[in-house]
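Biologist: I have a chain to go through with you. Can we start with the fold and then turn to the charged side chains?

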Amino acid sequence: MANIASARKRIRQTAKRTARNTARKSRMRTFIKKVETAIAAGDHDGAREALRVAQPEIQRAATKGVVHHNTVARKISRLSARVKALATA
């Protein structure tokens with residue numbers, strides 16, 4: 001256990017930051033899951049709407065530093081390609 005005041009403060013800050021980042025990542029995954037559920041159901045309009053709502057939330061995770069920006073780009077790209085393929089199928 002830390003004895004120095006600054007180290008104790010660092011532990012508190014890290015715990016707060018970890019909780020915040022976990023919540024952000026979880027929220028991002030939830031939005032992705034909503035899009036994937038709509039795709040699995042074959043609901044093109046629902047999937048498109050879910051993607052439209054999910055996209056800024058996923059990008060916010062990269063802005064806040066929770067996930068890498070290339071990861072976000074890859075996820076959005078793959079989701080949008082799957083939604084687009086749903087329209088033709």
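Biologist: What pattern does the chain follow, read along the sequence?

Modeller: Keep in mind that this is a predicted model. The chain has 3 helices and 0 strands. Read along the sequence, the pattern is therefore α-α-α.

Biologist: Is the chain more spread out than a compact globule, or less?

Modeller: For 89 residues the globule rule gives 12 Å. The radius of gyration of the chain is well over that value, at 18 Å, so the chain is more spread out than a compact globule. Along the principal axes, the C-alpha trace spans about 65 × 20 × 15 Å.

Biologist: What share of the residues of the chain count as buried?

Modeller: A residue is buried when its relative accessible area is under 20%. Of the 89 residues of the chain, the share that count as buried is 24%.

Biologist: How far apart are the mean positions of the positive and negative charges?

Modeller: The chain has 22 positive and 5 negative charges. The mean positions of these two sets are apart by 19 Å.

Biologist: How many salt bridges does the structure hold?

Modeller: A salt bridge needs a side-chain nitrogen of Lys or Arg within 4 Å of a carboxyl oxygen of Asp or Glu. Among the pairs that meet this cut-off is Arg48 with Asp45, whose closest N and O atoms are 3.7 Å apart. The number of salt bridges in the structure is 5.

Biologist: Which helix holds Arg48 and Asp45, and how are they spaced?

Modeller: Arg48 is partly exposed, at 49% relative accessibility. Arg48 and Asp45 are separated by about one helical turn because they lie 3 residues apart in helix H2 (residues 44–63).

Biologist: How far apart are the closest N and O atoms of Glu49 and Arg52?

Modeller: Both residues lie in helix H2, 3 residues apart, about one turn of the helix. Glu49 is partly exposed at 39% relative accessibility, while Arg52 is exposed at 52%. The closest N and O atoms of their salt bridge are apart by 2.5 Å.

Biologist: Is Glu57 buried or exposed?

Modeller: Glu57 forms a salt bridge with Arg60, at 2.8 Å from N to O. Arg60 has 40% relative accessibility and counts as partly exposed. The relative accessibility of Glu57 is 13%, so this residue counts as buried.

Biologist: Which residue is linked with Glu57 and Arg60 in a network of salt bridges?

Modeller: Glu57 and Arg60 both lie in helix H2, 3 residues apart. The residue linked with them in a network of salt bridges is Arg27.

How values were computed:
Residues numbered from 1 in each chain as written. Predicted model: local features only at pLDDT ≥ 70, side-chain atom pairs only at ≥ 80, totals over all residues. Heavy atoms only, no water. Helix = DSSP H or I, 4+ residues; strand = E, 2+ residues; numbered from the N terminus. Buried < 20%, exposed > 50% of the residue type's maximum accessible area, 1.4 Å probe, protein only. Rg over C-alpha atoms; globule rule 2.2 N^0.38 Å. Lys, Arg positive; Asp, Glu negative; His and termini not counted. Charge placed at Lys NZ, Arg CZ, Asp CG, Glu CD.
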